[in-house]
Amino acid sequence: MNAVASVGRATLNFLAATGRLTLFAGTGAMHCVRPPFHFRLIGRQMIEVGYYSLPVVGLTALFTGMVLALQSYSGFSRFNAESAVAVIVVLSITRELAPVFAGLMVAGRIGAAMAAEIGTMRVTEQIDALTALSTNPFKYLVAPRLIAGTLTLPLCVLAADVIGVFGGYLLAVNKLGFNTSVYLKSTFQYLEVLDVVSGLVKAAVFGFLIALMGCYHGYHSRGGAQGVGTATTNAVVSASVLILAFNYLITEAFFAR
């Protein structure tokens, strides 16, 4: 019966963790829409999430667009369908690659930073001090990060869309010999508003998930410096897995026929 007991124990632990996370997310979301709002803290977090993440997001999008154009051309040339390269680049970037790659890059950078910062505050009893001073930790620490992640990541993804498509254009025109006007015409002819909107919706959800995982694991960290390190690792891993899972769910909701 030991195997059965292990499975049951793991299932109960998973359900308990899911319940704690759900309650944490609900409490954080409630404080995001209920006043008072700490606009200074929200602005600081928006700068951290958005402005300081733009270089890594932009470089990722640029090289992703270039590689996508090169690989698409290599594959389509076997079927004499090189003209579809522009369409594949713009649809892949706006629908999938820009939001997913931007989310993963921001999760590695911001999710870890949030977990480390809040985890350090937890193990050094600064969060307990906030509670003793009648300051709600969710209102002061969690809500500004959730709001900043939800509002700022779509702006990063919008910039990544432009940079990624531009990277594909640069490689197609300068290396593969595409005509500039024909490539641009194909890009804008087949691009629809839904393609961009779906990517921005994904980015908003991913931003919320990244901030949620960073805050959750940091808030519940225990055990000193080692606990903070574990919380940081768990925040990045869980945010990355949730990004990939919700990417499928949102794609299914937008494009399933």
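How much space lies in the largest pocket? About 210 Å³. The legends below describe a predicted model.

**View 1. The largest pocket is lined by residues of helix 1 and helix 8.** Helix 1 spans 2-33, and helix 1 and helix 8 each supply at least two lining residues. Helix 1 gives the largest share, five residues. The lining consists of Phe14, Ala17, Thr18, Arg20, Leu21, Met213, Tyr216 and His217. By class, five of these residues are nonpolar, two are polar and one is charged.

**View 2. The largest cavity has a volume of about 60 Å³.** Searching the whole structure gives three cavities of 30 Å³ or more. Around the largest cavity sit Val57, Thr60, Ala61, Thr64, Ile93, Leu97, Ala98, Phe101, Ala102 and Ala160. Helix 3 (54-76) and helix 4 (85-123) are the elements that give two or more residues to this lining. Helix 4 provides the largest share, with five residues. Eight lining residues are nonpolar and two are polar. No charged residue lines the largest cavity.

**View 3. The second largest cavity draws its lining from helix 4, helix 6 and helix 8.** Its volume is about 40 Å³. The lining residues are Val49, Val106, Ile110, Met114, Arg145, Gly149, Leu153, Gly207, Ile210 and Ala211. Helix 4, helix 6 (137-174) and helix 8 (193-219) each contribute at least two of them. Seven are nonpolar, two are polar and one is charged.

**View 4. Helix 2 and helix 4 cross at roughly 140°.** Helix 2 covers residues 39-49, and its axis comes within 10 Å of the axis of helix 4. Angles over 145 degrees count as roughly antiparallel. The crossing at roughly 140° is therefore classed as oblique. From helix 2, Gln45, Glu48 and Val49 take part in the contact. They meet Val106, Arg109, Ile110 and Met114 of helix 4. This contact has four nonpolar, one polar and two charged residues.

**View 5. Residues of the contact between helix 2 and helix 4 also line the second largest cavity.** Val49 belongs to the helix 2 side of the contact and is one of the cavity-lining residues. On the helix 4 side, Val106, Ile110 and Met114 are among the contacting residues. Val106, Ile110 and Met114 also appear in the lining of the second largest cavity.

Methods: Residues numbered from 1 in each chain as written. Predicted model: local features only at pLDDT ≥ 70, side-chain atom pairs only at ≥ 80, totals over all residues. Heavy atoms only, no water. 1 Å grid on protein atoms, 1.4 Å probe; cavity = no way out; pocket = protein on both sides within 12 Å on 5 of 7 lines; lining within 4 Å. Points joined across faces, edges and corners; volume = space filled by probe spheres on them. Helix = DSSP H or I, 4+ residues; strand = E, 2+ residues; numbered from the N terminus. Nonpolar A, V, L, I, M, F, W, Y, C, P; charged D, E, K, R; others polar. Axes fitted to C-alpha atoms, helices over the stretch in contact; angles between N-to-C directions. Parallel < 35°, antiparallel > 145°, perpendicular 65-115°, else oblique. Contact = heavy atoms within 4.5 Å.
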